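User: I should like to learn how to read aromatic pairs and a sheet in a protein model. Please take me through them.

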There are 2 protein chains.
Amino acid sequence: MSCIREAFHIPDGVIYLDGNSLGPLPHVVRDRISQTINAHWGEMLIRGWNDADWINLPERVGAKIAQLIGAPQESVVACDSTSVNVHKCVSAALAMRPDRNVVLSDTGNFPTDLYVAEGLLRQLNKGPELLLADPESVLAAIDDTVALVMLTQVDYRTGRLHDMAAITAAAHHHGALVMWDLAHSAGALPVDLSGCRADFAVGCGYKYLNGGPGAPAFIFVRPDHAEHLDPALSGWLGHAAPFDFDLGYAPAPGVGRMRVGTPPILSMAALDAALDLWDDIDIHQVRARSIALCDQFIDQVETIAPDGALRLASPRDGSQRGSQISFHCEEGYAVMQALIARGVIGDFRAPDIIRFGIAPLYTTEQDIKEAAETLGDVLCNRLWDTQEYKTRAAVT
Amino acid sequence: MSCIREAFHIPDGVIYLDGNSLGPLPHVVRDRISQTINAHWGEMLIRGWNDADWINLPERVGAKIAQLIGAPQESVVACDSTSVNVHKCVSAALAMRPDRNVVLSDTGNFPTDLYVAEGLLRQLNKGPELLLADPESVLAAIDDTVALVMLTQVDYRTGRLHDMAAITAAAHHHGALVMWDLAHSAGALPVDLSGCRADFAVGCGYKYLNGGPGAPAFIFVRPDHAEHLDPALSGWLGHAAPFDFDLGYAPAPGVGRMRVGTPPILSMAALDAALDLWDDIDIHQVRARSIALCDQFIDQVETIAPDGALRLASPRDGSQRGSQISFHCEEGYAVMQALIARGVIGDFRAPDIIRFGIAPLYTTEQDIKEAAETLGDVLCNRLWDTQEYKTRAAVT
């Protein structure tokens, strides 16, 4: 099974192709949040930490995510934001490779990962430098100076997919560690962290996992590493015995030590409920249908769009991309605003990318057809060419 | 006005004296969360970042908190957990005082603050050491070697209150910076960060601010410092222009640079709604009534309790404590379980503290009287002395 559209609230008149930015509302979230607020917080009060098992919710959510990314259940925990989790991984990796002086990433990485690495390296003062390769040159850039290869598997702009197995193997061959950002992978395509022997991974709860705006992120640490790490962000809920209130830190077993502070239970509960939708989903079927829907979109858009208006930014070969289709488009911002005004919601990524996320759990062939037709209409009739659509909002 | 009990859901049969661990549910939260889920996430989808102004919610929440802690509105932002925010402050302070080698705290600090400092110093490898004074000896321990004095104003166990003005002034006299953890201060008593010229502060959204389990925390940076900091946790939502997606980091103006990743909107919206309850509240009236209720509780408990069963752990002088009363009690864990079973909810803090939070927004004189009588009954009749009450839960 790969389409459960009835499980989501899709507003009337909307074709939603932005689930790679924020997944839509799963109906189950409403009841779960009502329960969490009224029956748990309201009635149990502080007892909810035990009686509603809030204290273990990050591990329970992590175990559900682990199943979607090919990781052992106890190797993933849901916590903090993706950015904060990147900091934890880079810091841990540098401590494991103290004699190496390069963190290698690429220019296709999502900027926050680069910002976080940059901030950490500045903080460490005379630590390694951050080296950015072109996405195509990453493999060639890995050598024995590299402490950590830090990449996002699916390029947020183009959807270009890195070869996780090959890059991880090459990094290990050179004694480097690897951190994968799975923001656009988890719930979008099969991931096999265990099979690749990846060292670290992080990812996002609010895109293809549909956990709601700003849903908690997740972090994976390979189990044989996790037992040896001293977390730089060593907060009380990563302590072996937080309620002993010892003055000194002792890490919890395994990936649990990557927890830091008290988790935001309302947001975490929404993500937990949303993850139950995956119980009967075969991610390989999702992947097959994602490729078919993406191919259909490319075909139909390229048939309809005027010559020169768009240039495919995504790989044409479905096996080489994630679950999105992007086009370069000179007036991309205004074009996307015109689309949104007509009920087709994708997004714009500077400088000139219009981006359409395909989520087979709720995206249908009819959505794709209508979205392509609307895009053709906007372009052929220059419907984007008004000041209203050119005025930028705070969030693009 | 200082009592708005009708604004909260207090379950039938419960006397709630644990709002210093988790504040009760404000009724306004229900509608706000329903709106955020259905009208915003459900209908607006990704457009909620602009149309529901999610993107600025951390600043809007921060401005509300600022009013409760004597800080300029634009100097506070709500984000992450208290622990993560401690990391940001300690890291920033060390960068501002590179030639000093001591972070000074005390043994009354909440352990997570100490763990976080410990983890950061370990990460920095040959950075300063963490020095722990007795709470009474902090002033005397401040000298010219200290980079940062890092204290929680109200001791989580005893309620003992530090003299924020005197300690901050002494630290500045010696060229040190000061970070105040206001976890048990914000919403409990008047705080004057500006008047003290405090450098940094952090605090918690789920105690006296009633934002719900794991509600986002807050961070304050003195405005003249904020413009010069390079955050170690430098994520995209602390960037000057996150939606330009530049490869390099440039900090946002002011305290906004202390934001890191995407905020958990459901949890943040609950906190935002809960903060509106303070609109007509005079925190000085809250303080006066808090002291009166705490004095009443001490008097009535000491009148009723058997000789030797309890020893007051809190300062007897109301001006020297926060908004809680604690007693040393040999079988404290079991005693607290017996109380909870009888509807009087406080909590236990290892090794032997029973703790009662007083929140004048919903705690009444009748609550205090009944709680004292129930505690007397439990102690006089050894109602705690059963195995059921001695078996420890995961969260105490």
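Analyst: The following turns treat aromatic rings, then the sheet. This is a predicted model, in which local features need pLDDT of at least 70, side-chain atom pairs count only at pLDDT 80 or more, and totals for chains, interfaces and linings use all residues. Residues are numbered from 1 along each chain as its sequence is written, chains are lettered from A and ligands numbered from 1 in the order in which they are written, and side-chain values use heavy atoms, without hydrogens and water.

User: How are the planes of A:Phe110 and B:Trp236 placed, and why is the pair called edge-to-face?

Analyst: A pair of aromatic rings is described by the distance of the centres and the angle of the planes. Rings of Phe, Tyr and Trp (its six-membered ring) pair if their centres lie within 6.5 Å; planes under 30 degrees apart count as stacked, over 60 as edge-to-face and the rest as tilted. Here the centres are 4.9 Å apart and the planes stand at 75°, so A:Phe110 and B:Trp236 are edge-to-face. The pair crosses between chains, and both residues belong to one aromatic cluster with A:Tyr156, B:Phe243 and B:Phe245.

User: Is A:Phe110 buried or exposed?

Analyst: A:Phe110 is buried (under 20% relative accessible area; exposed is over 50%, partly exposed in between; 1.4 Å probe, protein chains only), at 16%. B:Trp236 is buried too, at 10%.

User: Which strands stand at the edges of the sheet in chain A?

Analyst: Strands of a sheet pair through backbone hydrogen bonds, either parallel or antiparallel. Strands are DSSP runs of at least two residues (E), numbered from the N terminus, and two of them pair if DSSP finds at least two bridges between them. The open sheet of chain A has 7 strands in the order E4-E10-E9-E8-E7-E5-E6, with mixed pairing. Strands E4 (76–78) and E6 (129–133) of chain A are at the edges; each has a single partner strand, so one side of each is left without a neighbour in the sheet.

Note on methods. Helix = DSSP H or I, 4+ residues; strand = E, 2+ residues; numbered from the N terminus.
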